[in-house]
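Good morning, everyone, and thank you for making the time. I would like to walk you slowly through one structure today, so please have a look at it before I begin.

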Amino acid sequence: MARRQLDLPAAVARAFMDDLEAYRAARTGLDKDAIAVRQLRALREYIPESHGKLRLTDVRTLFESMAEQIK
C-alpha cells in the first residue's frame, strides 16, 4: 500500500488511535466494521479527491496493518 501524508488535526489523530485500539479489542466482525465505518467517515473529510476514493476495505486494511506493527 502506498503511503500518503495526511494533515490531520490532533483530535482526529487521537480518535483514530483510540479506534485502532478498539478495533484490536473487538471480538466480532460487526464490531470491527462499525469502528472502521466511523473512521471512514472521519478520514474522508481530510483526504483530497486527487488521492482517490477511500473505501471501507482501505480502512480495515490500514487498521490490520497498523495492529500488526504495534504488537
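I will start with the whole chain and then turn to a few of its residues.

Please keep in mind throughout that what you see is a predicted model. The chain has three helices and zero strands, and, if you follow it from the N terminus, its elements run in the order α-α-α. The radius of gyration is 12 Å, which is close to the 11 Å that the globule rule gives for 71 residues, so the chain is as compact as a globular protein of that length. If we lay the C-alpha trace along its principal axes, it spans about 35 × 20 × 20 Å, and of the 71 residues, 23% count as buried.

Let us now turn to the surface, where Arg41, Arg44, Lys53 and Arg55 together form a positive patch. Among them, Lys53 lies in the loop that runs between α2, residues 29-44, and α3, residues 56-70. Is Lys53 buried or exposed? With a relative accessible area of 58%, Lys53 counts as exposed, because the cut-off for that word is over 50%.

My last residue is Glu21, which has its place in helix α1, made of residues 10-25. Glu21 has a relative accessibility of 41% and therefore counts as partly exposed, since that term covers the range between under 20%, which is buried, and over 50%, which is exposed. Although Glu21 and Phe63 are 42 residues apart along the chain, their C-alpha atoms are separated by 9.3 Å in the model.

Technical notes: Residues numbered from 1 in each chain as written. Predicted model: local features only at pLDDT ≥ 70, side-chain atom pairs only at ≥ 80, totals over all residues. Heavy atoms only, no water. Patch = residues over 30% accessible without salt bridge, like charges linked within 9 Å, V, L, I, M, F, W, Y side chains within 5 Å. Areas by Shrake-Rupley, 256 points an atom, 1.4 Å probe, with all protein chains shown as cover. Salt bridge = Lys/Arg side-chain N within 4 Å of Asp/Glu carboxyl O. Lys, Arg positive; Asp, Glu negative; His and termini not counted. Charge placed at Lys NZ, Arg CZ, Asp CG, Glu CD. Helix = DSSP H or I, 4+ residues; strand = E, 2+ residues; numbered from the N terminus. Buried < 20%, exposed > 50% of the residue type's maximum accessible area, 1.4 Å probe, protein only. Rg over C-alpha atoms; globule rule 2.2 N^0.38 Å.
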